[in-house]
Amino acid sequence: MSEELLIQHCAPTLAGLKTGSLVTAPCPDVPAVLAQLRQWNRRLSPKGVQILPLRFTPGHVLLYLYRSRQLESDLRQHDAAAILRKKGYTDPATGRCLAQLMAHLRQDAEFPHEIGLFLGYPPEDVQGFMENKAAHHKLAGCWKVYGDVDAAQQTFARYKKCTRVYLDQWRRGATLEHLTVSS
């Protein structure tokens, strides 16, 4: 698993612009991937960033790179907490919410769309996506927008620029630690 893949899909989170990012990575050897994740966590945890395998499927792993303090704050927002309660999240503690999300990913027939809250998406957009079954959105970009289009467009542009700059810096020799902003 390469750092380039991580930077390509998670740059806004590494930069502190976004709560969390998902990336599906090849996983031909689970113990080797777990060892790599432990190494990345040792390097990134001092900066407030963690990486967690949410789900393993044959030959792949769904990774979640996130900023724990930002996630805790996001999940405690009134609208986000209400969505989680409706989806059966019984404990507002961040670790418990992550464990429950992982259980939903493993057990539920339908993808748990509340995952948008774990990525820092606006709760009104997460709610709109779930209520409208991904239809009737005002804008599609990094996520489907049901609320503030102007704010979303600005955010999408920041994420795109950040990813471009981070990939360029990494290709020029910047380390993952150098690219990761401290919380």
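Let me start with L34, which touches P53 and F56 once residues up to four places away in sequence are set aside. This is a predicted model. L34 lies in helix 2, which covers residues 30-44. Its partner P53 is 19 residues away from L34 in sequence, and the two C-alpha atoms are 8.3 Å apart in space. Is L34 buried, partly exposed or exposed? Its relative accessible area is 30%, so L34 counts as partly exposed.

I turn next to A15, in the loop between helix 1 and strand 1, the strand being residues 20-26. A15 has a relative accessible area of 17% and is therefore buried. Leaving aside neighbours within four places in sequence, A15 is in contact with R67, C162, Y166 and V181. One of these partners deserves a separate remark: A15 and C162 are 147 residues apart in sequence, yet 7.6 Å apart from C-alpha to C-alpha.

C162 and Y166 bring us to the packing of helices. Two packed helices are described by the angle between their axes and the distance between the axes. Helix 1, residues 3-14, packs with helix 8, residues 149-171, at an angle of about 135°, and their axes are 8 Å apart. An angle of 65 to 115 degrees would count as roughly perpendicular, and one over 145 as roughly antiparallel; helix 1 and helix 8 are therefore oblique to each other. The crossing of helix 1 past helix 8 is right-handed.

Which residues make this contact? From helix 1 they are E3, E4, I7, Q8, A11, P12 and L14, and from helix 8 they are Y159, C162, T163, Y166, L167, W170 and R171. By class, the contact of helix 1 with helix 8 comprises nine nonpolar, two polar and three charged residues. C162 and Y166 thus appear both in this helix contact and among the partners of A15.

The second helix pair is helix 3, residues 68-76, with helix 4. Their axes come within 5 Å and cross at roughly 80°. Helix 3 and helix 4 are therefore roughly perpendicular to each other. On the helix 3 side the contact is made by D74, L75 and R76, and on the helix 4 side by H78, A80, A81 and L84. The residues of the contact between helix 3 and helix 4 divide into four nonpolar, one polar and two charged.

Helix 3 also contains two residues relevant to T94, whose place is in helix 5, residues 94-107. Setting aside residues up to four places away in sequence, T94 touches L71 and E72. T94 has a relative accessibility of 16% and so counts as buried.

Let me now move to the aromatic residues. How many aromatic pairs does the structure hold? There are four. Y64 and Y66 form a stacked pair, with 4.7 Å from centre to centre and 5° between the planes. Y64 counts as buried because its relative accessibility is 1%. Y66 is likewise buried, with a relative accessible area of 6%.

Y89 and F118 form a tilted pair, at 6.2 Å centre to centre and with 45° between the planes. Y89 lies in the loop between helix 4, residues 78-86, and helix 5, whereas F118 lies in helix 6, residues 115-118, so the pair ties together parts that are 29 residues apart in sequence. Y89 and F118 are both buried. In addition, Y121, W143 and F156 form one aromatic cluster.

My last topic is the backbone in the loop between helix 7, residues 123-132, and strand 4, residues 139-140, where K133 lies. K133 is not a glycine, but it has a positive phi of about 50°. With a relative accessibility of 71%, K133 counts as exposed, because the cut-off for that class is over 50%. A134 is found in the loop between helix 7 and strand 4 as well. A134 also has a positive phi, of about 70°, although A134 is not a glycine.

To close, I return to two points. Helix 1 and helix 8 pack at about 135°, and A15, in the loop that follows helix 1 and leads to strand 1, is in contact with C162 and Y166, among others.

Note on methods:
Residues are numbered from 1 along each chain as its sequence is written. This is a predicted model: local features need pLDDT of at least 70, side-chain atom pairs count only at pLDDT 80 or more; totals for chains, interfaces and linings use all residues. Side-chain values use heavy atoms; hydrogens and water are left out. Axes are lines fitted to C-alpha atoms, for helices over the stretch in contact, and angles run from 0 to 180 degrees between N-to-C directions. Helices (H or I, at least four residues) and strands (E, at least two) are DSSP runs, numbered from the N terminus. Angles under 35 degrees count as roughly parallel, over 145 as roughly antiparallel, 65 to 115 as roughly perpendicular and the rest as oblique. A crossing is left-handed if the near helix is turned anticlockwise from the far one by less than a right angle, and right-handed if clockwise. Contact means heavy atoms within 4.5 Å. Ala, Val, Leu, Ile, Met, Phe, Trp, Tyr, Cys and Pro count as nonpolar, Asp, Glu, Lys and Arg as charged, and the others, Gly among them, as polar. Buried means under 20% relative accessible area, exposed over 50%, partly exposed in between (1.4 Å probe, protein chains only). Rings of Phe, Tyr and Trp (its six-membered ring) pair if their centres lie within 6.5 Å; planes under 30 degrees apart count as stacked, over 60 as edge-to-face and the rest as tilted.
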